[in-house]
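Got a few minutes to look around a protein with me? Let's bring it up on screen.

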Amino acid sequence: MRISARQAASKFIESYFPNCEIAYLAGSVVRGEETESSDLDIIIIDSTVGESYRQSLTEFGWPIEVFVHNMFTYKNFFKENIDRARPSLPQMCAEGIILRDTGHASRIKNEALQLLKAGPTPWRSNEIEKARYHITDLLNDLEGSINEIEDLFIVSKLADLTHEFVLRVNGHWIGEGKWIIRALKEFNESFADDFAEVFNLYYSSREKAGVIHFVDETIAPYGGRLFEGYSSQAPESAAE
């Protein structure tokens, strides 16, 4: 029988980062959501580290994901997470159990909590238009498609973009993978239930009319589908 998550994390820190200033244990094991396949998410802040990095390994009977930063790189990652609206590092620092502290762990935890509370960088009108345009393109493809295999991938992309759209226009963090439905529930549990029902029904029946109607209803308050007259400036790299 393997040792506890906290014991394993403490042993790992002592073995691999004995001189680090800060260490947090985060993830499902601290949220009370641990399963047989759970790993340990460990955040290390060590001033002797030149660049941030992530490493995966197995020690003390546990799979471990370690995220290593110094006092400057964690701030850069916080900013990147805000800009892309996926607060992975702030979330881990905010929820994490402090296992090592030389005086700054609580301050960084509070910094992360404030960032989570403030929400991501708001979408500008051109970003909303761009999202509507891409969703419109997928809806048109789905309506015209006669290939059920292609439909699977169109619907998968629609689910991702629709979740991103509704959360970003409402100033909420987005998710990825299993975090998509969790992020939607944090925004609006009723909408999350409808979202799950619509896409679950499609994958069980391949009936796409419900998906099309749901997505159309979701984007309608923001102008609905967008094609005619849409224009965007090409990125510099594409123009070269």
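What follows is a chat between a visitor and a guide about this predicted model.

Visitor: How many helices and strands are there in the protein?
Guide: Keep in mind that we're looking at a predicted model. The C-alpha trace spans about 60 × 45 × 35 Å along its principal axes. Within it you can find eleven helices and five strands.

Visitor: What percentage of the 240 residues count as buried?
Guide: To count as buried, a residue needs under 20% relative accessible area. Meanwhile the protein exposes about 13400 Å², with carbon and sulfur atoms supplying 50% of that. Of the 240 residues, the buried share is 41%.

Visitor: Which way do strand 3 and strand 4 run, and how many bridges join them?
Guide: Find residues 53-59 for strand 3 and residues 62-69 for strand 4. One spot to look at is Gln-55, which stands opposite Val-66 in strand 4. The two strands run antiparallel, and the number of bridges joining them is seven.

Visitor: Which residue takes a positive phi in that hairpin?
Guide: Look at the link in the hairpin of strand 3 and strand 4, where two residues sit between the strands. The positive phi there is near 55°, and the residue that takes it is Phe-60.

Visitor: Are the ring planes of Phe-12 and Tyr-16 stacked or edge-to-face?
Guide: Both residues lie in helix 1 (residues 5-16), four residues apart, and that's about one turn of the helix. The structure holds 14 aromatic pairs. In the pair of Phe-12 and Tyr-16, the centres are 4.6 Å apart with 25° between the planes. Planes under 30 degrees apart go in one class, so this pair is stacked.

Visitor: Is Phe-12 buried or exposed?
Guide: Its partner Tyr-16 has a relative accessible area of 38%, so Tyr-16 is partly exposed. Phe-12 comes in at 1%, and the cut-off is under 20%, so Phe-12 is buried.

Visitor: Why is the pair of Tyr-202 and Tyr-203 edge-to-face?
Guide: Tyr-202 counts as buried at 1% relative accessibility, while Tyr-203 is partly exposed at 36%. Their ring centres lie 5.2 Å apart. Planes over 60 degrees apart count as edge-to-face, so what settles it for this pair is a plane angle of 75°.

Visitor: Which residues form one aromatic cluster?
Guide: Start at Phe-187 and pick out the other members on your screen. The full cluster is Phe-187, Phe-191, Phe-195, Phe-199 and Phe-214.

How values were computed
Residues numbered from 1 in each chain as written. Predicted model: local features only at pLDDT ≥ 70, side-chain atom pairs only at ≥ 80, totals over all residues. Heavy atoms only, no water. Pairing = 2+ DSSP bridges. Buried < 20%, exposed > 50% of the residue type's maximum accessible area, 1.4 Å probe, protein only. Areas by Shrake-Rupley, 256 points an atom, 1.4 Å probe, with all protein chains shown as cover. Phe/Tyr/Trp six-rings, centres within 6.5 Å; stacked < 30°, edge-to-face > 60°.
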